[in-house]
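Here is a short report on one protein chain. Look over the sequence and the structure before reading on.

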Amino acid sequence: MKVEDTDSPDSLMVYGRGILHLSILVETMRREGYEFQLGQPKVIIKYIDDVKCEPIACLTVLVPEDFSGRVIEQVSARKGEMTQMEPKGDRMCLDFDIPSRGLIGLRNTLLTVTEGEAIISHRFKAYEPWKGEMPSRNTGALISMETGQAIPYAIWKLQDRGVFFVNPNEDVYAGEVIGENTRSNDIVININKTKHLTNVRASGSDEAIRLIPPVRFSLEEYMEYIRDDEYLEVTPKSLRLRKIILDELERKRANRNNEQ
């Protein structure tokens, strides 16, 4: 592991051997009481003979034959190339060469499409020429509009927008990523809004509130999930995802400037 200073006095660049290696350092610092923020993990790019090169890994997936097509589809979408496919008992052994950046977030995806049956391992192979752009997370974020408590009624009303990461009555702040949008765009929502009360009541007018349990990520899952415009906020008591620019108007202004 290697740590380097950056142009900013309060930021450091940390080099490690994959997500697990970095997460061990992060978890150790958490337990020692540190509070800090992590940017999106990225692979180390090298220029060999003036050619842009990236690390390539050998990926092996052991999976029931019925799920092999789903695995090939997901790995191919991340620029993976299958090198071997052979049966081993009641399973298929699939070997791929895949860019290391394609491995970020792949484990959870493969476990989902194979219903938890996939056995995954990978190792570094070599540096090879850049494979081109790769699709990133295709879902947007649900972003908190205000600072306050997450109201159960507000979460219930907004459940059709996507999946939430926060529990009812949990403290949230403006600019925090509180869920995953079902669509590709980011939307700002208000989960601090309470139900409007009146002095008129009718039988059956109050509906029972049924909340879907929130998704809770581990540290490694958060590090794989994060996007380039987000930070992972790490404290001894919590892990929270946030936009780098918390203010909504400032984010829109920055996005317009980047598009120009």
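The sections below go from the whole chain to its cores, a pocket and some single residues.

## Overall fold

This is a predicted model. The protein chain has 260 residues, and 36% of them are buried. Its secondary structure comes to six helices and 16 strands. Along the principal axes, the C-alpha trace spans about 75 × 50 × 45 Å.

Many contacts reach far along the sequence. Take the contacts between residues at least 6 apart: 69% of them join residues at least 24 apart.

## Two nonpolar cores

In soluble globular proteins, nonpolar side chains tend to be buried together. Here the largest nonpolar core holds 18 residues. Leu38, Met223, Leu232, Val234 and Leu241 have the most contacts inside this core. Six elements give two or more residues each: helix 1 (18-31), strand 3 (36-38), strand 9 (141-144), helix 5 (219-225), strand 15 (230-234) and strand 16 (239-243). Helix 5 gives the largest share, four residues.

A second core is separate and has 17 residues. Among them are Ala57, Phe67, Leu103 and Ile120.

Val234 shows how the largest core is wired. Val234 is one of the residues with the most contacts inside that core. Beyond its neighbours within four places in sequence, Val234 is in contact with Val26, Arg30, Tyr34, Glu35, Phe36, Leu38 and Leu239. Val26 and Arg30 fall within the range of helix 1, and Phe36 and Leu38 within that of strand 3.

## The second largest pocket

How much space lies in the second largest pocket? The volume is about 1,400 Å³. The lining has 34 residues. Nearest the centre lie Arg78, Ile104, Ser136, Arg137 and Glu224.

The lining is mixed in character: 15 residues are nonpolar, nine are polar and 10 are charged. Helix 2 (68-77), helix 3 (106-113) and helix 5 each supply at least two lining residues. Helix 3 gives the most, with four. Helix 5 thus has two roles here: it supplies residues to this lining, and it gives the largest share of the largest core.

## Arg101, a buried charge

Arg101 sits in the loop between strand 7 (91-99) and helix 3. Is Arg101 buried or exposed? Arg101 counts as buried because its relative accessible area is 15%, and the cut-off for buried is under 20%.

The side chain of Arg101 has polar partners. One is the side chain of Glu54, joined by a polar contact of 2.4 Å. Another is the backbone oxygen of Gly132, reached at 2.5 Å. Leaving out residues up to four places away in sequence, Arg101 touches Val43, Glu54, Trp130, Lys131, Gly132, Glu133 and Met134. Both polar partners, Glu54 and Gly132, are in that list.

## Ser144 in strand 9

Ser144 lies in strand 9. Its relative accessibility is 2%, so Ser144 counts as buried. The Ser144 side chain reaches the backbone oxygen of Glu146 at 2.7 Å.

Farther along the chain, Ser144 meets many residues. With neighbours within four places set aside, its contacts are Val172, Tyr173, Ala174, Gly175, Glu176, Ile178, Val188, Ile189 and Asn192.

## Two positive phi angles

Lys79 is not a glycine, yet its phi is positive, at about 70°. Lys79 is found in the loop between helix 2 and strand 6 (81-88). With a relative accessible area of 34%, Lys79 is partly exposed.

Asn169 also has a positive phi, near 70°, in a residue other than glycine. The loop that holds Asn169 runs between strand 11 (162-164) and strand 12 (171-172). Asn169 is partly exposed, with a relative accessible area of 45%.

## Ile245, toward the C-terminal helix

Ile245 is in the loop between strand 16 and helix 6 (248-259). At 33% relative accessibility, Ile245 counts as partly exposed.

Beyond its neighbours within four places in sequence, Ile245 is in contact with Glu250, Arg251 and Ala254. Those three positions fall within the range of helix 6. Ile245 and Glu230 are 15 residues apart in sequence. In space, their C-alpha atoms are 8.2 Å apart.

Methods:
Residues numbered from 1 in each chain as written. Predicted model: local features only at pLDDT ≥ 70, side-chain atom pairs only at ≥ 80, totals over all residues. Heavy atoms only, no water. Core = buried A, V, L, I, M, F, W, Y, C linked by side-chain atoms within 4.5 Å. Buried < 20%, exposed > 50% of the residue type's maximum accessible area, 1.4 Å probe, protein only. Contact = heavy atoms within 4.5 Å. 1 Å grid on protein atoms, 1.4 Å probe; cavity = no way out; pocket = protein on both sides within 12 Å on 5 of 7 lines; lining within 4 Å. Points joined across faces, edges and corners; volume = space filled by probe spheres on them. Nonpolar A, V, L, I, M, F, W, Y, C, P; charged D, E, K, R; others polar. Polar contact = N/O pair within 3.5 Å; in protein donor to acceptor, adjacent residues only side chain to side chain.
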